Amino acid sequence: MPESLPVPDSLLSQRKQSEGEYRDEHKAPEFMALNARGQMPALVDGDVIVCESLAALLYLEIAYPEHPLLPSGSRERALVYQRMLESSNLQEKAVAVISLKQRSDPKPDPADMQRAMEALQAELKLWDNHTKDGFVAGSEFTLADTATGPIVLAFQRYGASFKDYPKLARYDETLRARSAFHKTSPPQWKKSPNPDWLSDF
Ligand SMILES: N[C@@H](CCC(=O)N[C@@H](CS)C(=O)NCC(=O)O)C(=O)O
């Protein structure tokens, strides 16, 4: 297996910027040679380079088929693909709230904050329903959970309790009980205090 897993981590990037420890390693020539956009993650597996986190997850599924995370039925697989692509909505809406919470000069317009909070609440409601059977695409852990899971865990890191989203709260607990998520959790998370940007959720 390649050493680094492609964890979608825009939220992490946001945190690093706010704490003044954001280093532009992804703009260094060595990294730009992997991904000309200068964006993380870039998966390197031997001579294979895959940019775009969801593409990297799909690549790993094909390259390492020992533990399949895609169902064989076309209907079930379509739902997994759908949830994988849908996960970007959850990430974007959380990043919108975090960006406003981080801004101090000028202070964010309360109406903008309200809109961003409501958009995130509506999104979380969707995911609360998506997780009603235990995982995001049914009752089994699938590739869709490898896309959504890190985003959900970042919510918890940033103070979310999911108090109004009981199924999502249960999903969060389930993820945290999985050793793989601890092993791939960004090391910076262990070293610094948790900002509470998402404690309203
Ligand atoms: N669609 C891309 C998004 C990549 C992305 O936005 N990466 C962020 C961190 S998660 C980044 O590198 N930001 C720094 C920049 O754009 O300069 C993916 O899923 O891989």
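The questions below go through the fold, the cores and one residue of a predicted model.

Local features here need pLDDT of at least 70, and side-chain atom pairs count only at pLDDT 80 or more, while totals for chains, interfaces and linings use all residues. Residues are numbered from 1 along each chain as its sequence is written.

Visitor: In what order do the elements of the protein run from the N terminus on?
Guide: Elements are DSSP runs numbered from the N terminus: helices are H or I, at least four residues, and strands are E, at least two. The protein has nine helices and two strands. The order is α-α-β-β-α-α-α-α-α-α-α.

Visitor: Is Val152 buried or exposed?
Guide: A residue is buried if 20 or more other C-beta atoms, placed from the backbone, lie within 10 Å of its own, exposed if 12 or fewer, and partly exposed in between. Val152 lies in helix α6. It has 27 C-beta neighbours inside 10 Å, so Val152 counts as buried.

Visitor: Which helix supplies the largest share of the largest nonpolar core?
Guide: A nonpolar core is a set of buried Ala, Val, Leu, Ile, Met, Phe, Trp, Tyr and Cys residues joined through C-beta atoms within 7 Å. The largest has 23 residues. Helices α4, α5, α6 and α7 each supply at least two residues of this core. The largest share, five residues, comes from α6.

Visitor: Which residues does Val152 touch, not counting those up to four places away in sequence?
Guide: Contact requires C-beta atoms, placed from the backbone, within 7 Å. By that rule, Val152 touches Tyr171, Asp172 and Leu175.

How values were computed: Two residues are in contact if their C-beta atoms, placed from the backbone, lie within 7 Å.
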